Amino acid sequence: MSVPNRFAIEPKVYVDETPRTGFTEYAEQLNGRLAMIGFVSLIALEVLTGHSLIGWLTSL
């Protein structure tokens with residue numbers, strides 16, 4: 001008579017060792033993309049309002 005296994009099989013653990021903080025390629029790509037979004041938003045703001053960023057901020 002065979003006895004079924006009453007213990008759970010331990011899962012294999014996978015640890016991602018790539019760093020996600022500091023000056024990594026991932027952080028630099030993210031920083032560059034966010035800078036491009038900010039720059040394009042600034043250009044769009046100037047085109048839509050007809051004022052520069054400094055002029056727009058002083059009119060608040």
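**Figure 1. A nonpolar patch on the surface of the predicted model.** In this predicted model, a nonpolar surface patch is formed by Phe39, Val40, Ile43, Val47 and Leu48. Together these five residues have about 560 Å² of accessible area. Ile43, one of the patch residues, is placed in helix H1, which covers residues 25-49. The relative accessible area of Ile43 is 41%, so Ile43 counts as partly exposed. In general, an α-helix has 3.6 residues a turn, so residues three or four places apart point the same way.

**Figure 2. Helix H1 and the residue that follows.** Helix H1 runs over residues 25-49. With 25 residues at 1.5 Å a residue, H1 should span 36 Å. The C-alpha atoms at its ends are 36 Å apart, which agrees with that expected span. Gly50 comes just after H1 and takes a positive phi of about 80°.

**Figure 3. Thr24 and its contact with Ala27.** Thr24 belongs to the segment before H1. A polar atom of the Thr24 side chain lies 3.2 Å from the backbone nitrogen of Ala27. Thr24 has a relative accessible area of 14% and is therefore buried, the limit for that class being under 20%. Across the protein chain, 2% of the 60 residues count as buried.

**Figure 4. Glu10, in the segment before H1.** Like Thr24, Glu10 is placed in the segment before H1. Thr24 is buried, whereas Glu10 is exposed, with a relative accessible area of 71%. The exposed class begins over 50%, which is why Glu10 falls in it. From Glu10 to Gln29 there are 19 residues in sequence, and the two C-alpha atoms are 37 Å apart in space.

**Figure 5. The protein chain as the setting for the close-up views.** Two helices and zero strands make up the count of such elements in the protein chain. Taken along the principal axes, the box filled by the C-alpha atoms is roughly 85 × 25 × 15 Å. The radius of gyration of the protein chain is 26 Å, while a compact globule of 60 residues would have one near 10 Å. About 6100 Å² of the protein chain is exposed, and carbon and sulfur atoms supply 65% of that area.

Methods: Residues are numbered from 1 along each chain as its sequence is written. This is a predicted model: local features need pLDDT of at least 70, side-chain atom pairs count only at pLDDT 80 or more; totals for chains, interfaces and linings use all residues. Side-chain values use heavy atoms; hydrogens and water are left out. Patches are made of residues with over 30% relative accessible area and no salt bridge: like charges are joined within 9 Å, nonpolar side chains (Val, Leu, Ile, Met, Phe, Trp, Tyr) within 5 Å. Accessible areas come from the Shrake-Rupley method with a 1.4 Å probe; for residues, only the protein chains shown count as cover. A salt bridge is a side-chain nitrogen of Lys or Arg within 4 Å of a carboxyl oxygen of Asp or Glu. Helices (H or I, at least four residues) and strands (E, at least two) are DSSP runs, numbered from the N terminus. Buried means under 20% relative accessible area, exposed over 50%, partly exposed in between (1.4 Å probe, protein chains only). The expected span of a helix is 1.5 Å times one less than its number of residues. The radius of gyration is taken over C-alpha atoms; the globule rule is 2.2 Å times the number of residues to the power 0.38. A polar contact is a pair of N or O atoms within 3.5 Å; within protein, one must be able to donate a hydrogen and the other to accept it, and residues adjacent in sequence count only if both atoms are side-chain atoms.
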